[in-house]
Amino acid sequence: MKLDVKIGKMQMKNPVMTASGTFGYGQEYAEFFDLSELGAINVKGISLNPMAGNPAPRICETPCGMINSIGLQNVGLEGFLSEKLPYLRNFRTNIVANVLGNTIDEYIEISERLDSEDIDAIELNVSCPNVKQGGISFGVDFLQLRKLLMAVRSVVKKKTLIVKLSPNVTDIRIFARTAEDEGADAVSMINTVMAMSINVKTRKSRIASMIGGLSGPAIRPVAVRMVWEVHNAVKIPIIGMGGIMTYEDALEFILAGATSVAVGTANFIDPISSLNIINGMREYMSINNVADIHDLIGGVNE
Amino acid sequence: MSRSFKAEIIYNREVARNIKLFRIHFLTPAMNPEPGQFYMLQTGQFYDPLLKRPFSIFDADLNELSFLVRETGRGTAILSHKSAGNIIDVIGPLGMSYPICQKQPVIIAGGMGIASLFSLIKRFSERAKVIYGAGTAQDIVYRDEIESTAGDLIISTDDGSAGRKGNVMDFINEFMNGEEDVTVYTCGPGVMLKKVAEFCIRKGIECYVSLEQNMACGLGSCLGCVVRTKNGYQRVCKEGPVFSASDIIWD
Ligand SMILES: Cc1cc2nc3c(=O)[nH]c(=O)nc-3n(C[C@H](O)[C@H](O)[C@H](O)COP(=O)(O)OP(=O)(O)OC[C@H]3O[C@@H](n4cnc5c(N)ncnc54)[C@H](O)[C@@H]3O)c2cc1C
Ligand SMILES: Cc1cc2nc3c(=O)[nH]c(=O)nc-3n(C[C@H](O)[C@H](O)[C@H](O)COP(=O)(O)O)c2cc1C
Ligand code: FES
C-alpha cells in the first residue's frame, strides 16, 4: 500500500501534516505520540522579530468551531532557528516553516534565510486575517500576491515553496492560479474564515480584537468546495485543510483534489488526532483495495 | 502513562445550588495531580460543543478524580446531566500546581475558587488558615470537611446567611499577624483576586493566584489562553493557572 506523496521536492511518507499554529513547535505533542509518524510538521507562523500577539480573550467557541485572534504571537526567526528547530529535527519527518511578514522585504529576508536552513518547505502565510498590516493585503489582492511571490520565488531556490490561500475572497481560483503562475510548488488551503461572535448580555465581541478566524468542522464544507474548485483550476498539488477531525474528513479533501491534508483544530480536542487519521486512512485503503493514495486524489464522482 | 485517557463517571451529584460533584475513574493508567492543576473534560458528542472544558482537580484518590462543576453554559450543562457509566475523554493533569511554601499558609477561596483550593487545604491540613467566602449559604460546599481539616476557618457570605456577613477582604487581616511569615493562596472571581493580590503586594506578602481564561487545547500549543504578566503574555494552561500575584499586570 502506497501512502507517500510529494509536494514540490518534499517527499512525505503519508499525506498527513499538522496545520500551522495548531501544533506549537511540536514539543507539546511529543508526549502523546511519536512525531516521526507524521508526513510533516508545520510550525507556528514565523516573523522576522518575535511578536507579542493580541490581548485576551483570544479565542471563543462557536457552533462546531472556534474563532481565534492570536495575533501571530511567535518567537521570531532567530528564536525558531536556535530554540525550536533543533528539537524538531529529532524526528524523522519534514518540517514546514510557515512564514509571515508585514512587508515584501520581510518575507524576502525570512525566506532567503530559511532557504539555507535545515527545513523542508516554506509556506507563505499571506492570508492570516489577524494583524492589521499583516498578510491580509497580499492574500486578498492578487496583484499584491503576484508581486510578493515574484520576489520570494527568486530567493527560495532550494526549498519547496507553498502558498497558503485565504478563503476570504470572492474567487479563490484566481489566487491559486497566481500562485501557480509565479512558480509556487503547491498551495495550501484554507486558512481561517473571518468571523465574529457577540455576547448579547455584555454586548461585547467574545474576543478582544472584535473579529478573528473561524476554524474547525464548521468550515469544512466551505474548504472542501474550495479545494475542488482549485483542483480544477491548477496543476500544482494542494494541501487541503479546514475542520478535519477524522480520516473520513481527510479523505473528503483528497477526493476533492488535495494531495496532502493538514490537521488543525483537531489537535486541540484530541492530541493524537493526526495519528488516528493516518491509521484510519491506511485501514480504509486496505478495506477498499486502494493500492495507492494517488488513486483517490480528485476521485470524486461527477 | 498518558495524560490523555478515558474515564468512566462514577457519580454526579448536587452538592450546592447549581454545583455538582463529578467523580470519575480512569480506565487507563493516569498520572496523579497536584493541588492547583486542572484537567480538560470532554462535554459534547460529535464535536458539539467542540472544545474540552477546563476544571480544577478538587480531590484525587487512587484511580479516581473529582471535580466541582458549576453550570454556567452549554458545556457545563451537558456535563451536569451525564450519569454513572458514561465515558468521557480527559486530558490532564495540566498546568503548574501551587508551590508548597514553608510559611504559614493563608488560603482565600471565593465561591467556586474552592474547587481549586480544597485539595491544597487537605495538603496543609491543620496548618491551613482558610477564608471561604460565597454569595449565600446555598453556595457553600463541603463546609464540614473544610472545618475538620483546616486549622482555622472563617466562612463569610454576602448576605450573612452562613458564617459572617461580608466578603473575604473584610476578614483578611485576621490571619495576617506576622505578615512576613505568611503565604497567601487564592482563587475565585477576578475582582476578588485583584483585591487580594493588591493587598498582598502592598504589604509585601507572598501570594499565589489561580487564574482562568478561555482555553482551546490546555496543552500550551494554541496560545489562546494568555494573561498579561511582567514577563509578557503567558499561557494560563502552561505557565499557570497558578501565578505569583506580583508577576501579573492587574488592570
Ligand atoms: C484552569 C481553570 C480551572 C477551572 N476550574 C473550574 C472548576 O473547578 N469548576 C468549575 O465549575 N469551573 C471551572 N472553570 C471554569 C470552567 O472551565 C467554565 O465554567 C466552563 O468552561 C464553561 O463552559 P460552558 O460551556 O458551560 O460555558 P460557555 O460560556 O457556554 O462556554 C463557552 C466557551 O467559553 C469558555 N469559558 C467560559 N467561561 C470560562 C471560564 N470561566 N474559564 C475558562 N473558559 C471559560 C468555555 O470553555 C467554552 O469554550 C475553570 C477554568 C479554568 C481556566
Ligand atoms: C489557534 C490557531 C492559530 C493559527 N495560526 C496560524 C498561523 O500562525 N499561520 C497560518 O498560516 N495559519 C494559522 N492557523 C490556521 C490553520 O493552520 C488552519 O489553516 C485553519 O485553522 C483551518 O484548519 P482547521 O479547521 O483544521 O483548524 C491557525 C489556526 C488556529 C485555530
Ligand atoms: S489553551 Fe491552548 S495554549 Fe493554553
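Two strands count as paired if DSSP finds at least two bridges between them. The exercises below use that rule on a predicted model.

**Exercise 1. Lay out the four-stranded sheet of chain A.**
Which order do the four strands take, and which are the edge strands?

Solution.
- Step 1. Read the order. The open sheet of four strands in chain A runs β5-β6-β14-β11, with antiparallel pairing.
- Step 2. Find the edges. β5 (59-62) and β11 (193-195) of chain A each pair on one side only.
- Step 3. Add the twist. From one strand to the next it averages 35°.

**Exercise 2. Find the partners of β14 in chain A.**
How many bridges join β14(A) to β11(A), and which residues are bridge partners?

Solution.
- Step 1. Take β11(A). Three bridges join it to strand β14 (residues 212-215) of chain A, and the two run antiparallel. The pairing rule asks for at least two bridges.
- Step 2. Name the partners. A:V193 has A:L214 of β14(A) as its bridge partner. A:M194 has A:G213 of β14(A).
- Step 3. Turn to strand β6 (residues 65-68) of chain A. It pairs with β14(A) in the antiparallel sense, over three bridges. Here A:M66 stands opposite A:S215 in β14(A).

**Exercise 3. Describe how α7 packs on α8 in chain A.**
Are the helices roughly parallel or roughly antiparallel, and which residues make the contact?

Solution.
- Step 1. Get the geometry. The axes of helix α7 (residues 220-231) and helix α8 (residues 247-256) of chain A come within 8 Å and cross at roughly 25°.
- Step 2. Classify the angle. Angles under 35 degrees count as roughly parallel. Therefore α7(A) is roughly parallel to α8(A).
- Step 3. Give the hand. α7(A) passes α8(A) in a right-handed crossing.
- Step 4. List the contact. α7(A) supplies A:R220, A:A223, A:V224, A:V227, A:W228 and A:H231, while α8(A) supplies A:D249, A:E252, A:F253 and A:A256.
- Step 5. Sort the residues. Six are nonpolar, one is polar and three are charged.

**Exercise 4. Repeat the analysis for α2 and α3 in chain A.**
What are the crossing angle and the make-up of the contact?

Solution.
- Step 1. Get the geometry. Helix α2 (residues 76-88) and helix α3 (residues 104-115) of chain A have axes that come within 11 Å and cross at roughly 15°.
- Step 2. Classify. That angle makes α2(A) roughly parallel to α3(A).
- Step 3. Give the hand. The crossing of α2(A) past α3(A) is right-handed.
- Step 4. List the contact. From α2(A), A:L77, A:E78, A:F80 and A:L81 meet A:I110, A:R113 and A:L114 in α3(A).
- Step 5. Sort the residues. The contact has five nonpolar, no polar and two charged residues.

**Exercise 5. Map the sheet and domains of chain B.**
What is the strand order of the seven-stranded sheet, and how far apart do the domain centres lie?

Solution.
- Step 1. Read the order. This open sheet of chain B runs β4-β3-β7-β1-β2-β6-β5, with antiparallel pairing.
- Step 2. Find the edges. They are β4 (53-56) and β5 (59-61) of chain B.
- Step 3. Check one pair. Three bridges join strand β3 (residues 38-41) to strand β7 (residues 87-94) of chain B. B:F38 has B:L94 in β7(B) as its bridge partner.
- Step 4. Set the domains. The assignment gives domain 1 (4-94) and domain 2 (104-247) of chain B. Their C-alpha centres lie 21 Å apart.
- Step 5. Count the contact. Domain 1 of chain B contributes 22 residues and domain 2 of chain B contributes 23 residues.

Terms used:
Residues are numbered from 1 along each chain as its sequence is written. Chains are lettered from A and ligands numbered from 1 in the order in which they are written. This is a predicted model: local features need pLDDT of at least 70, side-chain atom pairs count only at pLDDT 80 or more; totals for chains, interfaces and linings use all residues. Side-chain values use heavy atoms; hydrogens and water are left out. Axes are lines fitted to C-alpha atoms, for helices over the stretch in contact, and angles run from 0 to 180 degrees between N-to-C directions. Angles under 35 degrees count as roughly parallel, over 145 as roughly antiparallel, 65 to 115 as roughly perpendicular and the rest as oblique. A crossing is left-handed if the near helix is turned anticlockwise from the far one by less than a right angle, and right-handed if clockwise. Contact means heavy atoms within 4.5 Å. Ala, Val, Leu, Ile, Met, Phe, Trp, Tyr, Cys and Pro count as nonpolar, Asp, Glu, Lys and Arg as charged, and the others, Gly among them, as polar. Domain bounds come from an automatic or database domain assignment.
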